[in-house]
Amino acid sequence: MSITLPTVRSEINKNWVDQKIGMIGAPKIGKSAFWSHGDKTLYLQTEAGLNHLSVMKIAIRNFDDLKDTLTALIQAQQANKFPYDTVVVDTVDELIDLINEEVIKRGREKFTKISSEINSIGDLPNGQGWQLATEMIKLTLDKLEKLPACIAYIGHLAQVEVKTATDRYHKSSISIGGKSGGYLLSWPDHLLNVETSMNGSKLIRKVRIRPTQYVDAGSRLDFIPESMVWGDDMKANYTAFRGLFS
């Protein structure tokens, strides 16, 4: 194989369809509504709660639904008939749950002698459940990432206790623990942590994009402003954020 060595630096990629975005925040603060203002956005709806929005969506309630949906999206791409520029997993918490259910099912089929004792992925021998679950999450996100669209997930927020040799504190992070949670935090190009507070009767959304000791957030690009403040007009919020990209 002949390799051509580069002599010119690559351009920074600001193309929308090449971005991976995670959004975590408390329930009912407008996370789903934010993404609904994209004209070519598809929701992979893993939990109920989109009836108040006019969107394109596919209900995913089990692992077979997930496989069939991924197959349909890949086929559309291969046929050059992919109609979306954004695919949103809403929510990634439920996606993890249905993957875990599939791992438990496979574990019971594999370890028939102890099948009645397998009720969680931690019940599979030698940590095989955790390993398989993480592999399936990575495979799912890898297939989505190869689609010609921005891939985003919506996740729930938790105050996670962090213990060190000299300190103990709480950190605002994704509500999924273990290796799966760690992978979901590192996977996006941009991890938006939406903090909320009340100003009288008005809900204020402060979007953190820089990590701190107490906040999980981050971006691989430096042009996204830290501490964006979003009001009630989600269309304006979405338009301003989308305008940062090509």
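Glu102 sits in helix H3, which covers residues 92-110. In this predicted model, Glu102 has a relative accessibility of 12%, so the residue counts as buried, the cut-off being under 20%. Apart from neighbours within four places in sequence, Glu102 is in contact with Phe63 and Met136. Both partners, Phe63 and Met136, also appear in the lining of the second largest pocket, described below.

**Overall fold**

The protein chain contains 6 helices and 10 strands. Its radius of gyration is 20 Å, close to the 18 Å that the globule rule gives for 246 residues, so the chain is as compact as a globular protein of that length. The C-alpha trace spans about 55 × 55 × 45 Å along its principal axes. Of the 246 residues, 43% are buried. Among contacts with a separation of 6 or more, 61% are between residues 24 or more positions apart. The accessible surface of the chain amounts to about 13600 Å², and carbon and sulfur atoms account for 50% of that surface.

**Pockets and cavity**

The table sets out the open and enclosed spaces by volume and by the make-up of their linings.

| Space | Volume | Lining residues by class |
|---|---|---|
| Largest pocket | about 340 Å³ | 6 nonpolar, 6 polar, 4 charged |
| Second largest pocket | about 170 Å³ | 6 nonpolar, 2 polar, 3 charged |
| Largest cavity | about 30 Å³ | 6 nonpolar, 1 polar, 2 charged |

The largest pocket has a volume of about 340 Å³. It is lined by 16 residues, of which Lys28, Lys31, Ser32, Glu47 and Gly49 are the closest to its centre. Two elements, helix H1 (31-35) and strand S5 (150-163), give two or more residues each to this lining. H1 gives the most, with 3 residues.

The second largest pocket holds about 170 Å³ of space. Its lining consists of Phe63, Leu66, Lys67, Leu70, Thr71, Ile74, Arg106, Met136, Leu139, Thr140 and Lys143. Helix H2 (63-78) and helix H4 (128-145) are the elements that give two or more residues to this lining. The most comes from H2, with 6 residues. Arg106 is also part of the lining, and its position falls within the range of H3, residues 92-110.

The structure has 1 cavity of 30 Å³ or more. Met23, Ile29, Gly30, Lys31, Phe34, Val194, Arg205, Trp230 and Met234 line this cavity. Lys31 thus appears in the cavity lining and also among the residues closest to the centre of the largest pocket.

**Strand S2 and the loop after it**

Gln45 belongs to strand S2, residues 41-45. With a relative accessibility of 6%, Gln45 counts as buried. Leaving aside neighbours within four places in sequence, Gln45 contacts Leu50, Lys57, Ile58, Ala59, Ile60, Arg61 and Asp90. Of these partners, Lys57, Ile58 and Ala59 have positions within the range of strand S3 (56-59).

His52 is located in the loop between S2 and strand S3 (56-59). In contrast to the buried Gln45, His52 is exposed, with a relative accessible area of 58%. The C-alpha atoms of His52 and Ile24 are separated by 20 Å, and the two residues are 28 positions apart along the chain.

**Backbone exceptions**

Most residues other than glycine have a negative phi, and most peptide bonds are trans. Three places in the chain depart from these patterns.

The peptide bond that joins Asp90 and Thr91 is cis, with omega of about 10°. Thr91 is in the loop between strand S4 (86-90) and H3. Asp90, on the other side of the cis bond, is one of the contacts of Gln45.

Asn80 has a phi near 55°, a positive value in a residue other than glycine. Asn80 is placed in the loop between H2 and S4, and its relative accessible area of 72% makes it exposed.

Asn126 likewise has a positive phi, about 60°, although it is not a glycine. This residue is in the loop between H3 and H4. At 74% relative accessibility, Asn126 is counted as exposed.

Notes: Residues numbered from 1 in each chain as written. Predicted model: local features only at pLDDT ≥ 70, side-chain atom pairs only at ≥ 80, totals over all residues. Heavy atoms only, no water. 1 Å grid on protein atoms, 1.4 Å probe; cavity = no way out; pocket = protein on both sides within 12 Å on 5 of 7 lines; lining within 4 Å. Points joined across faces, edges and corners; volume = space filled by probe spheres on them. Helix = DSSP H or I, 4+ residues; strand = E, 2+ residues; numbered from the N terminus. Nonpolar A, V, L, I, M, F, W, Y, C, P; charged D, E, K, R; others polar. Rg over C-alpha atoms; globule rule 2.2 N^0.38 Å. Buried < 20%, exposed > 50% of the residue type's maximum accessible area, 1.4 Å probe, protein only. Contact = heavy atoms within 4.5 Å. Areas by Shrake-Rupley, 256 points an atom, 1.4 Å probe, with all protein chains shown as cover.
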